[in-house]
Structure formats: C-alpha cells, structure tokens
Amino acid sequence: MTAVGIDAMEIWTGKLKLDLAETFAPAQGDDPGKYTKGLGLHASSFPDVYEDIVTMAANAAHRLMERKGLEPEDIGRIDVATESSFDNSKPVSTYVAGCLEQVYDGDFHHANKGERKFACISGTQSLDDAYNWIRAGRNRGRAAIVIATDTALYARDDPGEATQGAGAVAMLVDEEPSLVELSTEQGFGSADETDFLKPNQQFPSVDGKRSVNVYLARMREALDDFASQVGDIHPDDYPLIPFHTPFPGMVRKAAALGYRHIIRGTDVEDLVAEEIGHQPMREDFESDDEFRDAIREYTDALTETERYQDWYADTIDPTLEISREVGNWYTGSVHIARAAGLKHARENGRELDGQQLLVASYGSGAQAEVHAETVVPGWEEEIAQLNIDEQNRKRYDLSFEEYEQIHDVHNHDTEADVEEFTAPESEFVFDGWGRMGERKYRYVE
Ligand code: HMG
C-alpha cells in the first residue's frame, strides 16, 4: 500500500504577544505561577489588526506552496478546519484560495474545498478527509492542503482568558510523504457533552473544570478503542506523544492518565510496583468513591517516580515547547504539538526514522481520537524549515491596555478603531468589507 501522510507543514503565528507572567497576571492580581507553573503557559499569540483566520491560513499555505515549489494545479483539495468561522455558508477555504490566486498564475477552480467543524478535533478530521481522498484514488495525482486556523478568544474575565491564542498550521498531505505516514488504525471516544460550546456566539460558553474531566474521559475511551485495533500498547513503543494542548497543564493530567492506563499489566507496572504498589482494582473497594480516591493517590505517586518523570521528559515535555509560548490554537493545537516534538528531536539529534508517534487529538462537545504516525526518513530536513522560533521572537509585546484594545478589535460585537502594531511584509492582509458583507484581502509586497 502506498504511504500517505504529511509531506510538509508550515506554522503562522498571530503577530502580537501577551506575556502572561509579566503583563496579564499583575493586571488580574494573580500570582504569575498560576500561569507559568499551573497552566504551564508563558504567553499567548494574538492577531494584529490586519490579521484574521483567513490571512493566517493563507500566509501559512502560501509559504508551504512556495517552499515545496507547488502551483495551484498540483492541489486537488483545500480543507480548512476552524471554530472561529465568520460565515455560516461560505467556507474559509474559498477565501484562502482567493488569496492564493492573487499571487499565482493558475487557479484552484478544480480543487474541492470545504470547512470542517468539531471544536479542536476538526484539524485532525480534515487530515482524515485528505487521507481518505488519496486512499480512495480520487486525487488524480494531486496533493491536499489541510489548514487548521483559529483565533481562540474567550470573553474578558472568563477563566479561559489565560489560555487564548491565535495561529494557523498548513499541512501538505500527499503520497510518499516526507514527514510522517498516517496509520489506518484509529481509536475514538465520543459522547454528547456540553463542556464547551458556542451556540451562535463568538466566545465560548465553558464549564472549565468539567471540560478537563470530559477531555480525560474521552481520551481514555479513545485509547481503549485504539488498543482494540493494534493490541496492547507499551510506553516504550512511542518516542513522542503529541496531545491536543489547550494548555500544557492539561497534557500533564492526560499523560499521567494515559501512562497509568498503558502500563497496566506490563513489566513497567511490576517495576514501579516495587516503589508504589500495584494499581488499585475496583473489586478491592466497597464504593466508587473509595476506588476513585485510591486511583488518585496511585496516580500522584506514579508521577513522582523517576521512571515516569524520565518518560514524561522524553515523550511529552518536548511536544509542549511551542504551545507554552503561543497558547491554545484550537484546531491547530495538536499539530503544533507534533511539530514541537519533532523540532526538539531534530535539535537534540534523536533518531526517529521508522519510529511511531502516538497522536492524541481532542475536541470539546466531545470527541477524542488516537492514531499512530510513522516518522519517515528525511523528516529532519522538513522540520528544519520551520521558523516558528523566529516568528515568536519578532512578535510585538502588548501592554495590558493594548491587549484590551486588540481583544475589542477581534470581538465581532465591538467597534474599535486601533492602529496596527506591526507592519505587514510579503503577506496577505485583511482589507475591509465588500458589498455583500464579505471580507476582502490583498497581498502586501
Ligand atoms: P482556573 O479555574 O482559573 O485555574 O482555570 P485553577 O485555579 O484551576 O488553576 C489552574 C492550575 O494552576 C491548577 O493546577 C492550580 O493548582 C494551579 P491543577 O490543580 O489543575 O493541577 N495554580 C498554581 N500553580 C502554581 N503556582 C500558583 C498557582 N495558582 C494556581 N500560584 C481552567 C483553569 C482550565 C478551568 C480555565 O483555564 C479554563 O476554563 N480554560 C478553558 C477550558 C479548557 O481549556 N479546558 C481544557 C479541556 S477542554 C479542551 O481542551 C477543548 C478546548 O481546546 C476547546 C475545543 O475543543 O474547541 C478548550
């Protein structure tokens, strides 16, 4: 079977930065440690006045096409995943194609375009769509561009405000990929939940604490379902496990649950049992509450073991390096986690050819998905092309007053006349409104 997967990727961050410890925490009267240690976040990215989900998506896709030497006729699909869409009919992918057609001679008239919605997991679902399209032999030798783009804003003073972020990830999905090959096996954990939703409103209604538990519950189901496809999973099977990362503290919880789950009944459980005993079993407790307390105690002890901490430092922590600096990008979040893990591996000379990543996606509402990806020889050259560190360094550092202004600029219900903080260069920018209420874009040389 021909390999299908991600051939290349590009990341575009919003050009503004809110420093959580230096700027947000003092204004909120909070200890900075709540953000840097508790949530595990240092900063959030925001779009400048002339940026939005279309410009970030088009700029990431443009760079991807330029770098891979592609023309519009090489692309048979443009799939955009977002939960920040501003139109209930016209998909963001049409705007993106319109932008790209300003800078290429050809057009995308023969490319299938769409927009996927299921909270943060739709980025991974769009990858599935592209994968299935190629596997079904409907691509006529062409590749797909999959873009996850979001401006993740919460209402001011919502507990989620510290986890905001904005950016886009563009991925080229093709046969014989240069980065990772996607596996056919998938595990799902999906249920009708009301933890985080936007019923015809821009900012989410969130039950934050519950959303954390729903994430964990659906992730455990997805892991079980995945194991039912591939057989028992061992922690040593995967050198990196990128999770959906609304904030790194969430992944800290998910990783502990996942590790406990996958070591059950393995040699690893026996080894840690010498220090902390075996995992509690339901039949040994009179009530669910007692059992839950015992599990909590066991998990806390597990995360204190050297074995767990070494595993976490190698397998999970590297995947959080970009998220820590940019916040939650919703649909793009798990894809920047993959990029961060691979980038860290390249920079530290880790050998990953032929090894598998376990990728764990999640979207509120709610659904988790787990699949494996095989790292393809040549991945280092691909990942070396990412310039996200440079982009992050160049962001304009907002004062708290400027942050309040930019939040208003991107709030659909407020009018805000704010000057741009940065100067656009060789990129698409928002250029006002058309006669039917459509957004207009132009390329700035
Ligand atoms: P909160 O209630 O303000 O924060 O918001 P907290 O008081 O729970 O503190 C957070 C952590 O910091 C806690 O750690 C504190 O102990 C610790 P934990 O006990 O959880 O391990 N802490 C400190 N640590 C060190 N020094 C200090 C300090 N102070 C406190 N001084 C909440 C937290 C997650 C509720 C909020 O951020 C929120 O509502 N976020 C939005 C929802 C969210 O991100 N949920 C995650 C799961 S759902 C998901 O991932 C889907 C999503 O991406 C959307 C989609 O799919 O579309 C959101």
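**Annotated domains, a charged patch and backbone exceptions**

In an unreviewed UniProt entry, residues 3–174 carry the annotation "domain: Hydroxymethylglutaryl-coenzyme A synthase N-terminal". The structure described here is a predicted model. Across residues 3–174, helix accounts for 33% and strand for 29% of the span, and the C-alpha atoms at the two ends lie 9 Å apart. The unreviewed entry in UniProt also lists residues 195–411, under "domain: Hydroxymethylglutaryl-coenzyme A synthase C-terminal". Residues 195–411 are 54% helix and 11% strand, and the end C-alpha atoms of this span are 22 Å from each other.

A negative patch is present on the surface. Its members are Asp-236, Asp-237, Asp-267, Asp-270, Glu-274, Glu-275, Glu-306, Asp-310 and Asp-314. Two elements, helix H8 (267–276) and helix H10 (306–315), each contribute two or more residues to the patch. Helix H8 provides the largest share, with four residues. Asp-314, one of the patch residues, is located in helix H10. The relative accessible area of Asp-314 is 43%, so this residue is classed as partly exposed; the partly exposed class lies between the limits of 20% and 50%. The value for Asp-314 also satisfies the patch criterion of over 30% relative accessible area.

Several features of the backbone were noted in loops. The peptide bond between Gly-365 and Ala-366 is cis, with omega at about 5°. Ala-366 belongs to the loop that connects strand S11 (356–363) with strand S12 (367–375).

Positive phi values occur at Asp-157 and Ser-426, neither of which is a glycine. For Asp-157, phi is about 75°. This residue is placed in the loop between strand S6 (143–152) and strand S7 (165–175). Asp-157 has a relative accessible area of 59% and is therefore exposed, given that the exposed class begins over 50%. For Ser-426, phi is near 50°. The loop that holds Ser-426 runs between helix H15 (400–409) and strand S14 (427–433). Ser-426 counts as partly exposed because its relative accessibility is 41%.

Definitions and conventions:
Residues numbered from 1 in each chain as written. Predicted model: local features only at pLDDT ≥ 70, side-chain atom pairs only at ≥ 80, totals over all residues. Heavy atoms only, no water. UniProt positions renumbered as here; feature names shortened; annotations may be inferred. Patch = residues over 30% accessible without salt bridge, like charges linked within 9 Å, V, L, I, M, F, W, Y side chains within 5 Å. Areas by Shrake-Rupley, 256 points an atom, 1.4 Å probe, with all protein chains shown as cover. Salt bridge = Lys/Arg side-chain N within 4 Å of Asp/Glu carboxyl O. Lys, Arg positive; Asp, Glu negative; His and termini not counted. Charge placed at Lys NZ, Arg CZ, Asp CG, Glu CD. Buried < 20%, exposed > 50% of the residue type's maximum accessible area, 1.4 Å probe, protein only.
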